[in-house]
Amino acid sequence: MPRNDTLFHWLMLAPALAILGVMLYWPMLGTVIESFHDSSFIRPQPRFVGFEVYERVFGGRDFPHIVRNSVVWTVAVVLLQNLLGLLAALLLNRGLPGQGMLRAIVLLPWVLPGVVAAIVWRFMYDPQLGLINSLLLRVGVLEQTAAWLADSSTAMAAAIFAAVWKGFPFSALIYLAALQSVEREQIEAATIDGAGPVRRLVDVTLPAIRGVIVVNIVLTTILTFNYFDMIWVLTRGGPQSATHIFPTKIYEVGFGQFRFGEAATYGVVSILVLAVLVAFYLLATRSTAARRRTA
Amino acid sequence: MAENPDIRVEVTTIPYPEYQQRLLTAVQGGNAPDVATLDQIWVAAFAEANAVVDLTDLAAQAGIGRAQFFGGAWDSAVFNGRLWGIPFNVDVWQFSFYNRALFEAAGVDPASIATFGGLRAAAERLTGDGRFGVGLFAHRGEDTVVVANSFIFSNGGEVLDAEGKCALNRPPAVEAMRYLQDLARFAPAGILNASSGDMRELFLNGTLAIEFWPALEQPTLLKSNLDWDFVNGTAPEGRTPVGTFGGWNLAIFDSSPHREAAWKFVRFMVREDVNGDVVDLIPANLKAAEAFLAANRRGPERILQHLANAHPRPLSPRYLELSDLQVRLYQDIFSGADVQAAADAACRDIDRLR
């Protein structure tokens, strides 16, 4: 590329890069700087304290819970959401009668605003008035009402279930698009060779959409790790921190108690985890692109 | 304002859940309003941050003093011996609202629930057949703290002592928390994620016999078909129940370029003939409160008595953290933890805030 062209390209990119830098990376850098300072509403002048806030956060009662909860939450939601999404996509790809209506029904949870969905689930989980207890009591699964969101042993599972319900249509949509790009000839050839539906799925369909699966898993991992509204509305991170994850803790410390330095520290740890996930995402997209080029 | 035509007042109303955040952001960004209502529990933090004006001398010069207001409300605006706000409106947690029909059916005397023993016995008798005696809640919210506080205060306990040291692990507080832990057997399941709002739903649909709310609950109950009444909190036999004060103070912001006009406005808002017309809770001005309660609330004398006897929450610039630690303690207790051990652990964390 001639030198003048390169310069021109960079010149054209400069405004976008400047906006990106100011809007995205400057606040991120600000968060990192803030994490080395002790600042709060009552002490608005930040005081440099080095790693003191990190020591406080890592040594705090909540930190191990938050790490464990974030891992459990992210892994469970991502796996279940992708599994359910894939199954829904396979179903929707079969050309069943009333497919348009079916797709609309499957997509409905995803279309609902996050807070609305969370409020609906909060009502459904209500120990006295909720639909779930009422159904389970009626069919004899429960002998007495269960407080799903108020019990440390069930609150996380209940939140995961609601999040999977809300998120699986997103995965289904992406998998459906991928399934429709699988070449029919390959499926037909496998059928002629005597492969049954499961064999066709395992040996033909899944390898053909492998790249999309990887990208989808990484993408939903990032989204789930940052998912805030479902848990906040359902439990506010409770009971007893049983459902606190990084975003809810950052919100509670930063906007509930105005301890900015500590919130920034949680934010930096969160950014580091996300950076690793983004790296996975980039590797996944690169390998998918490479496979496409060689295909 | 007809008396001050040169002063124009622009009112901004912000819902409670986002109010504090908006106000703090405005203060930090240098865009604070001239005057704002501050929740009693925020006053110390705003004072410590030098965000609000010291009103001690202005109030003294204007003849505004503690005697004109509910004592607890006035005390909630005093931090480090200086006055940082003027009490605007008040209420007290909690009144025990009861469903008269359920009490009659169970043969329980409503007056009995004013004592610890009576409330427990009543709750036990009123629980069964899908109904619950008493509505307890321990979600992450301030209503959790104020109700538990009132049981602790009524038992002679404190949250912080005079030196600011945690007193939740001392016998009166521990006894009160043990009492609440036992009372939970007669409350609907799900205490740890339940709020006063959830209990209101159950009370309104006749599932719950006793709910804990401030007097603010009365307009809702008056619109319902329930046959209800209330008693002033609960205390051990022979003691007077002590409630926890709630309410708002008017403060002038340090950045205000219109301090004189702002001070005039504050004085106007808390005046005896005005205060009752501009509040949704109960006027903080004593005389205005008497008139307001007589016109708008059932049992005005009882409410006044409970207000006069209420305690404010601890005045600490780190109150929000203290409150969070208290919620954790109450959640531990309602989860069945050993009360003394949980209180000792909470006090270790609370004392670290000093």
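Biologist: How many residues of chain B are in contact with chain A?
Modeller: This is a predicted model, in which local features need pLDDT of at least 70 and side-chain atom pairs count only at pLDDT 80 or more, while totals for chains, interfaces and linings use all residues. Residues are numbered from 1 along each chain as its sequence is written, and chains are lettered from A and ligands numbered from 1 in the order in which they are written. Two residues are in contact if their C-beta atoms, placed from the backbone, lie within 7 Å. On that count, 19 residues of chain A are met from chain B by 26 residues.

Biologist: Which helix supplies the largest share of the side of chain B that touches chain A?
Modeller: Helices H1 (16–28), H2 (43–48), H9 (196–204) and H15 (319–334) of chain B each give at least two residues to that side. Helices (H or I, at least four residues) and strands (E, at least two) are DSSP runs, numbered from the N terminus. The largest share is six residues, and its source is H15(B).

Biologist: In what order do the strands of the open sheet in chain B lie?
Modeller: Strands pair if DSSP finds at least two bridges between them. E5(B), residues 95–99, has four bridges to E7(B), residues 208–213, in the antiparallel sense. E5(B) is also joined antiparallel, over four bridges, to E8(B), residues 228–231. The open sheet has four strands with mixed pairing, in the order E6-E7-E5-E8.

Biologist: Which are the edge strands?
Modeller: An edge strand here pairs on one side only. In chain B these are strand E6 (132–134) and E8.

Biologist: How many residues of strand E5 of chain B are buried?
Modeller: A residue is buried if 20 or more other C-beta atoms lie within 10 Å of its own, exposed if 12 or fewer, and partly exposed in between, with C-beta atoms placed from the backbone. B:Phe95, B:Phe97 and B:Asn99 point one way from E5(B), B:Ser96 and B:Tyr98 point the other way, and all are buried. The count for E5(B) is thus five of five.

Biologist: Which residue is the bridge partner of B:Phe97 in E7(B)?
Modeller: E7(B) runs antiparallel to E5(B). On the E8(B) side, B:Ser96 has B:Val231 as its bridge partner, and B:Asn99 stands opposite B:Trp228. In E7(B), the bridge partner of B:Phe97 is B:Glu211.

Biologist: What share of the residues of chain A count as buried?
Modeller: Chain A holds 13 helices and two strands. Of its 295 residues, the buried share is 34%.
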